[in-house]
Amino acid sequence: MNKNPFPELNAFIEVYNQALQKAQSKAIFVRGIEIQEAQVEELKQLIEEIKLQKAIAVEEKDEKKANLILCFELCATAVKNELYFVMSLKRDEPDFAWQALIDAQYQISLAIRNHPFDGRYLQGYAHRLHLYENIIFPKMYFASRGCVVSSSECSVCRGDMEDCEHIKGYAYMGEICYEIINEIKSIDEISLVENPADKSCRMLSFTEDGKSIDIFTHREIVKKADG
Ligand SMILES: [Zn+2]
């Protein structure tokens, strides 16, 4: 570890590093699923401890420290999602696996972008998550949705997102800024794209011989009868 600008966090960072290293060693596909389930519970506890540390930094109004601890929180959450991803694959639940993987990718990209010192050491991990996507899942199309938002507010200051100084996807005092959409005026266009902003908006099925086929499993999707 490099020199830490917050020596008061030394003991906490040591616990965090050890816990995350252990968690990553369990996020490998061939580990036993019950061991991975137990690891998820340990990570949930770790994330609670991280949030407590973050709350202290926020109280001290130390934004750099709060954002550093936010990056720890994002990384621990990403590893938790990586475990969910692997476990869902073993359970033959590719839809859940997909969502967990893209959540992990998003959290790591936020951690890299918002790291107050140098988040580049996380790029290897980000690469690993992208390799998973390419190897495990088929090439697919996503829906890009263009809509007109008539009312939205900033999650940081609760002001109008158009007027305030905060930027979506950036950290302020240990929290990522996001847009809270209150009202959608109209949906303009839905187009199919290969590289979408939101990978959870994906095509779910295709039609073959009059049957609806799941894009992941190639199983026929049988619609439940109404009533
Ligand atoms: Zn704002």
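The secondary structure of the chain comprises five helices and six strands. Helices here are DSSP runs of H or I with at least four residues, strands are runs of E with at least two, and both are numbered from the N terminus. In sequence order the pattern is α-α-α-α-α-β-β-β-β-β-β. The model is predicted: local features need pLDDT of at least 70, side-chain atom pairs count only at pLDDT 80 or more, and totals for chains, interfaces and linings use all residues. Residues are numbered from 1 along each chain as its sequence is written, and side-chain values use heavy atoms, with hydrogens and water left out.

The C-alpha trace spans about 65 × 50 × 35 Å along its principal axes. The accessible surface of the chain is about 13,900 Å² (Shrake-Rupley method, 1.4 Å probe). Carbon and sulfur atoms contribute 51% of that surface. Of the 227 residues, 38% count as buried. Buried means under 20% relative accessible area, exposed means over 50%, and partly exposed lies in between, with a 1.4 Å probe and protein chains only. Contacts are heavy atoms within 4.5 Å. Among contacts in the chain with a separation of 6 or more, 68% join residues 24 or more positions apart.

The UniProt record, an unreviewed entry, lists residues 33-67 as "coiled-coil region". UniProt positions follow the numbering used here, feature names are shortened, and annotations may be inferred rather than shown by experiment. In the model, residues 33-67 are 91% helix and 0% strand. The end C-alpha atoms of this stretch are 33 Å apart.

Asn67 closes the range given in the record. Asn67 lies in helix H3, which covers residues 63-90. Its relative accessibility is 9%, so Asn67 counts as buried. A polar atom of the Asn67 side chain lies 2.7 Å from the backbone nitrogen of Gly174. Such a polar contact is a pair of N or O atoms within 3.5 Å; within protein, one must be able to donate a hydrogen and the other to accept it, and residues adjacent in sequence count only if both atoms are side-chain atoms. Beyond neighbours within four places in sequence, Asn67 touches Asn114, Pro116, Ala171, Tyr172, Met173, Gly174 and Glu175.

Ala97 belongs to helix H4, residues 94-114. With a relative accessible area of 0%, Ala97 is buried. Apart from residues up to four places away in sequence, Ala97 is in contact with Phe85, Ser88, Leu89 and Phe137. Phe137 is 40 residues from Ala97 along the chain, yet their C-alpha atoms are separated by 9.8 Å.

A zinc ion is bound by Cys154 (SG), Cys157 (SG), Cys164 (SG) and His166 (ND1). These protein donors lie 2.0 to 2.4 Å from the ion. Donors are N, O and S atoms within 2.8 Å of the metal (3.2 Å for Na, K and Ca); water is not among the atoms, so sites may look incomplete. The donor spacing in sequence is C-x2-C-x6-C-x1-H. The arrangement is tetrahedral because the four donor atoms subtend angles of 106 to 113° around the zinc ion; four donors qualify if all angles lie between 85 and 135 degrees. Cys157 is partly exposed, at 36% relative accessible area. His166 is buried, at 15%.

Ser155 sits in the loop between strand S1 (142-154) and strand S2 (171-172). Ser155 is buried, with a relative accessible area of 16%. A polar atom of its side chain lies 2.9 Å from the backbone nitrogen of Tyr178. Outside four places in sequence, Ser155 touches Ile176, Cys177, Tyr178 and Ile180.

Notes:
Tetrahedral: all angles 85-135°; square planar, octahedral: opposite > 155°, others 65-115°.
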